[in-house]
Amino acid sequence: MNEDDYADPLDDAPLATDDSGMPRELPPFGAERTAAHCEMLANRLRKNLRHVRKWAKRAQVTCYRVYDRDIPEVPLSVDWYDGRVCVAARLRPEERYAPDFEAWSEALRLTVAQTLEVAPSQVYARQRERQRGAAQYAPQAREAQRFEVVEGGRRLWVNLSDYLDTGLFLDHRPLRARVATEARGRRVLNLFCYTGAFTVHAVGGGATHTTSVDLSATYLQWARENLTLNGMGGPTHRLVREDVMRWLDDPAVLRERFDLVVADPPTFSNSKRMTDVFDVQRDHEALLWRLARVVPPGGVVYFSTNARRFRPGGPLAVSAPATHWTVTEISDATIPEDFRDRKIHRAWRLERRPGPSTPLG
Ligand SMILES: C[S@@+](CC[C@H](N)C(=O)[O-])C[C@H]1O[C@@H](n2cnc3c(N)ncnc32)[C@H](O)[C@@H]1O
């Protein structure tokens, strides 16, 4: 997966530099400001927890966001994964060069541990860069780092230390729940399936067949293990290692039909196994056109993207003439209540109209 997936726009904001081209040093956060930030964070966390914990128990969810940059001066997201915690800071590039940046973020990390009543070793600071030490772990050691969480009664493996992402994108919880409720008796296709969380929910919801496609052998193995963890699997639940665009052009695939499709592609990806890069902005129209060939009338595609600057084109454009699909944007309904960032993703429901697929649809 490309490292820019899910990147925050601030990550590629230009770095402020001084006359010599060096990153401009910011004034230190300072002990007093740091202490004030810690106190504000602790108070807000306590307030949020009271609400979110009650909700999570009812919803049978053990992983959720407990703080989402609620206070502008403390631009963190804090995700609770059943007793362990993932903290990510959203800072301007130059802020990471403030002389006491490390001290500031460590103080906040300890505040999170104390307030959530977990050992500091259980609070993982997420970095965009792969952690050097951790990246060298053998697969066996990685297995030791993984643990289970529960979402909507389904069990899923996550790993907070060894990969760029945890194995479960929390912002798609409502869409996974929706897929579960609509999957009964359906042939479900999960494109860019990652660790197969949508597939687990589809099978749990009664899908008769599932096909999960991803380029990464590591993530497909993870998806297989997620299915196994729920007592799911077997020949009716296929895992396919292929480039999605190429796979959708396979003549054998063109003879298949899928009633319910999830297509949640990365913003951009690049791999030796692909003949071309995938760029969601450039390629979403071609992807949806390919899907029109394998989705029967009445079939549904959920298309989603985390690309913040995404401009909906083709059938997703507001003024698009209706051809293959009846389209509704459903982003408001698919962003979970524990996320304050209402732009974390956008999602659309496309229902296949009767009629053959024609280019430009
Ligand atoms: C953004 S994640 C998908 C998240 C997933 N839908 C979920 O909600 O759990 C991107 C995934 O797409 C896969 N991927 C990227 N480019 C691909 C391609 N061209 N064909 C198939 N899989 C691809 C990556 O390996 C990664 O697992």
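**Figure 1. Glu-117 at the end of helix α2 in the predicted model.** Glu-117 follows α2 and has a positive phi, near 60 degrees. Helix α2 itself comprises residues 101-116, 16 residues in total. At 1.5 Å a residue, the helix should span 22 Å, and its end C-alpha atoms are 23 Å apart, which agrees with that expectation.

**Figure 2. The buried residues of helix α2 and the elements packed against them.** Trp-104, Leu-108, Arg-109, Thr-111, Val-112 and Leu-116 are the buried residues of α2. Seen down the helix axis, these buried residues fall within an arc of 160 degrees, so they line one face of α2. The elements against which they pack are helix α1 (31-59) and the strands β2 (76-81), β3 (84-89) and β4 (123-126).

**Figure 3. Strand β1 and its pairing with β2.** Strand β1 covers residues 63-68. Because five of its six residues are buried, β1 is largely enclosed by the rest of the structure. Five bridges join β1 to β2, and the two strands pair in the antiparallel sense. At one of these positions, Tyr-64 has Trp-80 of β2 as its bridge partner. In a regular strand, side chains alternate between the two faces of the sheet. Strand β2 also appears in Figure 2, as one of the elements against which the buried residues of α2 pack.

**Figure 4. The shell of residues around the ligand.** The ligand is surrounded by 21 residues, of which Phe-192, Tyr-194, Ser-216, Asp-264 and Ser-269 come nearest. By class, the shell divides into 13 nonpolar, four polar and four charged residues. Helix α6 (197-204) supplies at least two residues of the shell, and strand β8 (209-214) likewise supplies at least two.

**Figure 5. Pro-356 in the segment after β15.** Pro-356 is placed in the segment that comes after strand β15 (346-352). Pro-356 counts as exposed because it has 8 C-beta neighbours inside 10 Å, where the limit for an exposed residue is 12 or fewer. Arg-293 is 63 residues from Pro-356 in sequence, yet the C-alpha atoms of the two residues are 7.7 Å apart in space.

**Figure 6. The protein as the setting of the close-up views.** The predicted model contains 11 helices and 15 strands. Of the 361 residues in the protein, 38% are buried. Among contacts between residues at least 6 apart in sequence, 66% join residues at least 24 apart.

Conventions. Residues are numbered from 1 along each chain as its sequence is written. This is a predicted model: local features need pLDDT of at least 70, side-chain atom pairs count only at pLDDT 80 or more; totals for chains, interfaces and linings use all residues. Helices (H or I, at least four residues) and strands (E, at least two) are DSSP runs, numbered from the N terminus. The expected span of a helix is 1.5 Å times one less than its number of residues. A residue is buried if 20 or more other C-beta atoms lie within 10 Å of its own, exposed if 12 or fewer, and partly exposed in between; C-beta atoms are placed from the backbone. The arc is that of the directions from the helix axis to the C-beta atoms. Two residues are in contact if their C-beta atoms, placed from the backbone, lie within 7 Å. A residue is near a molecule or strand if its C-beta atom, placed from the backbone, lies within 6 Å of it. Ala, Val, Leu, Ile, Met, Phe, Trp, Tyr, Cys and Pro count as nonpolar, Asp, Glu, Lys and Arg as charged, and the others, Gly among them, as polar. Two strands pair if DSSP finds at least two bridges between them.
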